[in-house]
Amino acid sequence: MAARVALGSLNPAKRAAVERAVDSLLPGAAVAAVEVPSGVPAQPRGDEETARGARERADRARAALDADYGVGVESGVTAGPGGALYVVAWAAAVDRAGRVAYGGSERFPLPAPVAAALGTGSGVELGAVIDDLVGEPGLARREGGISVLTGGRRERPAMLEIACLHALAALLEVWRERVAPR
């Protein structure tokens, strides 16, 4: 029987990311999505809060769908070098036994006007700021702000796929495939 993976979001970019990572690591597994709360603010701040939101989504999704694995993905912002505000993304993967693993994606700085629009915890979400900036509602749920900031050279599903791949590979201990038996 193929593994069942529950994603804790209906966001299309997150779903594409999880499906790509699952196809790579669990061929034939079925991915189902369910909307669950993250337990963190709509715009998480800092790595810990962002990763906590991903873990909460993974746990809740796995339980809600009684799946073999749960995956949660959360994007946030955090302070970085030079005082810039950076976008971060974390994925958490859990299994029935309660084991958990995390994976992160690359980080990228936000332009000063975008960072200023986010303020210092005002509750405004990055997606809404980017959508307003380009005048295209829903962009954040598709190719994402990274597409705008890189001139279309990078898209959100690909960025989030990295985090999902890292989390699932750690949970499944894929590294053991390369270790010689002793």
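Okay, let's start with helix 1, residues 12-25: at 1.5 Å a residue, its 14 residues should span 20 Å, and the C-alpha atoms at its ends are 20 Å apart, so the two agree. Keep in mind that this is a predicted model.

Now, which residues of helix 1 are buried? They are Ala13, Lys14, Ala17, Val18, Ala21 and Val22. These residues cover an arc of only 160° around the axis, so they sit on the same side of helix 1. If that spacing looks odd to you, remember that an α-helix has 3.6 residues a turn, so residues three or four places apart point the same way.

And what covers those buried residues? Strand 1 (4-7), strand 2 (30-33), helix 2 (47-65), strand 3 (69-79) and helix 6 (156-171) are included.

One little detail at the start of helix 1: Asn11 has a side-chain oxygen that comes to within 2.8 Å of the backbone nitrogen of Ala13.

Okay, on to the core. The largest nonpolar core has 37 residues, and among those with the most contacts inside it are Val18 and Val22, along with Val5, Val71, Val73, Leu110 and Cys164. Strand 1, helix 1, strand 3, strand 4 (85-95), helix 3 (112-118), helix 4 (126-134) and helix 6 each give two or more residues to this core. Which element gives the most? That's helix 6, with 7 residues.

Take a look at Cys164 for a second. Leaving out residues up to four places away in sequence, Cys164 touches Ala17, Val18, Ala21, Val71, Val73 and Ala91.

Last thing: apart from the largest core there's another core, of 5 residues, including Ala6, Val34, Val36 and Ala61.

Terms used. Residues numbered from 1 in each chain as written. Predicted model: local features only at pLDDT ≥ 70, side-chain atom pairs only at ≥ 80, totals over all residues. Heavy atoms only, no water. Helix = DSSP H or I, 4+ residues; strand = E, 2+ residues; numbered from the N terminus. Expected span 1.5 Å × (residues − 1). Buried < 20%, exposed > 50% of the residue type's maximum accessible area, 1.4 Å probe, protein only. Arc of directions from axis to C-beta. Contact = heavy atoms within 4.5 Å. Polar contact = N/O pair within 3.5 Å; in protein donor to acceptor, adjacent residues only side chain to side chain. Core = buried A, V, L, I, M, F, W, Y, C linked by side-chain atoms within 4.5 Å.
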